[in-house]
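Here is a short tour of one protein model. Take a look at the structure first, then read on.

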Amino acid sequence: MTVTIEDLSSVKKILHVEVPAEVAVQEIEKAYSQLKKTAKIKGFRPGKTPREVLERLYKKDVQADVTTRLIQESFYNAVKETDLKIVGSPKIEPPPLDVNAPFKYAATVEVKPELSRIEFKELPLKKTKYQVSDEEVDAQIQMLRKNLAQLKKVEEARSVQEGDFVLVDYEGLKDGKPFAETGRTENFTMKIGAGGISKELDQQMVGMKPDEEKEIKVRFDEDHFNKNLAGQEIDFQVKLKEIREEELPEVNDAFAKKLGKYENLDELKAAIVENLKNGYEKRVEQELNEQALSALIEKQTFEVPEVMVEYELENIIADAERSFAYHNMSMENLGLTREKLKERYQDTAVKQVKRQLILGRIVEQENLTLSDEALEKGYQDMAVGLNQTAADIKRYYEQHKDNFEFFKQALLEKQAMTLIIESSHIQEVEPEPGSKKNTDESDNA
C-alpha cells in the first residue's frame, strides 16, 4: 500500500491511498468463498453453487462489501503510517472496483493544527474589585417581596390604570372567525403595560371598568416573536372581571421566615450578601479567563478545522433549543432557523475552538496530569451542579469511557487555565460605571 498527502491547507489534507491489485483480488476471493458456504440457491446444494452463478446474482453486493472493507482497513493503516491527528470523519467517494488494477481512492480529512510553544506567563490582566452594596441587597429583597406578593381585588370603584393587574376573559378573532393562536381564554391575569399579549391591547384597556366588555383591534408587528401572530390583525373581545393590585409583604423577621430558610431578617440579608459575593467571584474568574484567552488568541495565528467549528456550533444551537424549550418557546416561534443561528454564532464557535486548542497545547507542553484528588473533586463539582452524588457521576463515566476522556480533558484544561491566571500580572481596578450588575437571584441564597 502507498500513501501520499496533498495539502489543501494547514488543517485540511487529501490522503491518496493505493492498494495493490492482488490485495483486492484476495479480498474478493475470500468474499465469494464465504458466500459459497452460506448462499442458498435453488437447484444447488449448500456449498456447491458455481462461482459464475454467485457472480451473476451477488456481484454488485460482493464488490460493495469488499470496497468498504478495503477502505476501512487501508484508511486505518494510512492514518497510522502518516501519524496525522485527524478530527472528524473522512470524506471518501468509493471508487469502482477493478480487479485488474490497483484500488485507488482519495480521502479528504481535517487535522488538528500544529501549535508552537505557547508563552502564557506574565499576561497583563485586570481584576475588577466588585463590592456588594446596600443598594444591591435591598434590590434583592425587593425581588423576594415581589415573589411573595399577593394580588388583591381593588374594592373601590375606579377604572383600569397603567401598572394594574387585571382578571379578564378574552378571545381574538381574525376576519370574524376564531383564531387558534388567540383562542378563548377565561380568568386570565395580566399586568397592564407589561405587553404580555400586546402593548396596544394594554393601552386600550386603560380606562375600562369591572364587568365592562370591549372590542380591541390589535395589529401585531411584522417581527413579533410568535411568527403565527406576526403581521396579523386580530379583533379581541375582552371582558374585564376584576382590577387587582399587588400587595407586598413587609420586610421583617416574619418575611424572612416565609422563605423557609431563615430565622430572622439578619440571616436573610447575610445569605444575600454571601450569594452576591459568590456571584462576583465567579464573574471575576470569568473576566480573567476571557482576558487571558483573548490575549493568547491574538498572539497565535493558526487555522481551525471546519469540523471542530461545526461541532461547536451544534452545541451552541442545542443549548439555545434547550433554553427555548424551558421557556415554552421554539426557534420557529421566534422566526429563527438553524442557518441563522449558525451565521450569528460562527465567530463565537471559531473563538471557542481556538481556546480549546490553545489550552490543549498548554496541557501538553506543561505535562499536566490529573491526580486522584483532582479527579474526585471533578466528580464532586459536577455532582453539585446536577444534584446527584459523586458516586453517581463516577459510575456514569465508568460506563461511558468515551465521555470520560472528554471529562478528563476538561479538567486538564481547567488546570491549564488556573496555571495561566496564577502566572499572569494582575492589576486590581475599580468597577466601571454601570458595569456593577449581578444576575444571581437572591432566592438561591
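Is Asn367 buried or exposed? The model is predicted, so every answer here is a computed one. Asn367 counts as exposed because its relative accessibility is 63%, and exposed means over 50%. Asn367 sits in the loop between helix 8 and helix 9. Its phi is positive, about 50°, although Asn367 is not a glycine.

**Three residues with positive phi**

Asn367 has company. Asn328 follows helix 7, and its phi is also positive, near 55°. Asp83 is another residue other than glycine with a positive phi, near 60°. Asp83 lies in the loop between helix 2 (51–82) and strand 3. Asp83 is exposed, because its relative accessible area is 66% and the cut-off for exposed is over 50%.

**Helix 8**

Now step back from Asn367 to the helix it follows. Helix 8 covers residues 338–365, which makes 28 residues. From first C-alpha to last, helix 8 reaches 38 Å. That is close to the 40 Å expected at 1.5 Å a residue. Where does helix 8 bend? The bend is at Tyr345, by about 55°.

Many residues of this helix are hidden. Leu341, Ala349 and Val353 are buried in helix 8. So are, among others, Leu357, Ile358, Leu359, Ile362 and Val363. The buried set also includes Lys354, Arg355 and Gln365. What do the buried residues of helix 8 pack against? Their partners are helix 6 (265–299), helix 7 (306–326) and helix 11 (401–422).

**Helix 7 and helix 3**

Helix 7 has 21 residues. At 1.5 Å a residue they should span 30 Å, and the end C-alpha atoms are 30 Å apart, so the two values agree. Its buried residues are Met308, Val309, Glu312, Leu313, Ile316, Ile317, Ala320 and Phe324. An α-helix has 3.6 residues a turn, so residues three or four places apart point the same way. Try that idea on the buried list of helix 7, which includes Met308, Glu312 and Ile316. These buried residues pack against strand 3 (86–92) and helix 8.

Helix 3 runs over residues 134–148. Its 15 residues should span 21 Å at 1.5 Å a residue, and its end C-alpha atoms are 21 Å apart, so here too the values agree. Glu136, Val137, Gln140, Ile141, Leu144 and Arg145 are buried in helix 3. What covers them includes helix 5 (253–258) and helix 6.

**Two pockets**

Which elements give two or more residues to the lining of the largest pocket? We will get there; start with the numbers.

| Pocket | Volume | Lining by class |
|---|---|---|
| Largest pocket | about 1,100 Å³ | 13 nonpolar, five polar, eleven charged residues |
| Second largest pocket | about 310 Å³ | eight nonpolar, four polar, three charged residues |

The largest pocket has about 1,100 Å³ of space. It is lined by 29 residues, and the closest to its centre are Met308, Gln356, Leu357, Gln409 and Glu413. The elements that give two or more residues to this lining are helix 6, helix 7, helix 8 and helix 11. Helix 8 gives the most, with nine residues. Two names come back here. Met308 is on the buried list of helix 7, and Leu357 is on the buried list of helix 8.

The second largest pocket has a volume of about 310 Å³. Its lining has 15 residues, and Gly378, Asp381, Ala410, Leu411 and Lys414 are the closest to its centre. Helix 9 (372–386) and helix 11 each give two or more residues to this lining. The largest share comes from helix 11, with eight residues.

**A residue in strand 2**

Finish with Ile14, which is in strand 2 (residues 12–19). Why does Ile14 count as buried? Its relative accessible area is 13%, and buried means under 20%. Leaving out residues up to four places away in sequence, Ile14 touches Thr4, Ile5, Glu6, Leu8, Ala106, Ala107 and Thr108. Ile14 and Gln346 are 332 residues apart in sequence. In space, they are 25 Å apart, C-alpha to C-alpha.

Note on methods:
Residues numbered from 1 in each chain as written. Predicted model: local features only at pLDDT ≥ 70, side-chain atom pairs only at ≥ 80, totals over all residues. Heavy atoms only, no water. Helix = DSSP H or I, 4+ residues; strand = E, 2+ residues; numbered from the N terminus. Expected span 1.5 Å × (residues − 1). Bend = angle between axes of the 7 residues up to and from the residue. Buried < 20%, exposed > 50% of the residue type's maximum accessible area, 1.4 Å probe, protein only. Contact = heavy atoms within 4.5 Å. 1 Å grid on protein atoms, 1.4 Å probe; cavity = no way out; pocket = protein on both sides within 12 Å on 5 of 7 lines; lining within 4 Å. Points joined across faces, edges and corners; volume = space filled by probe spheres on them. Nonpolar A, V, L, I, M, F, W, Y, C, P; charged D, E, K, R; others polar.
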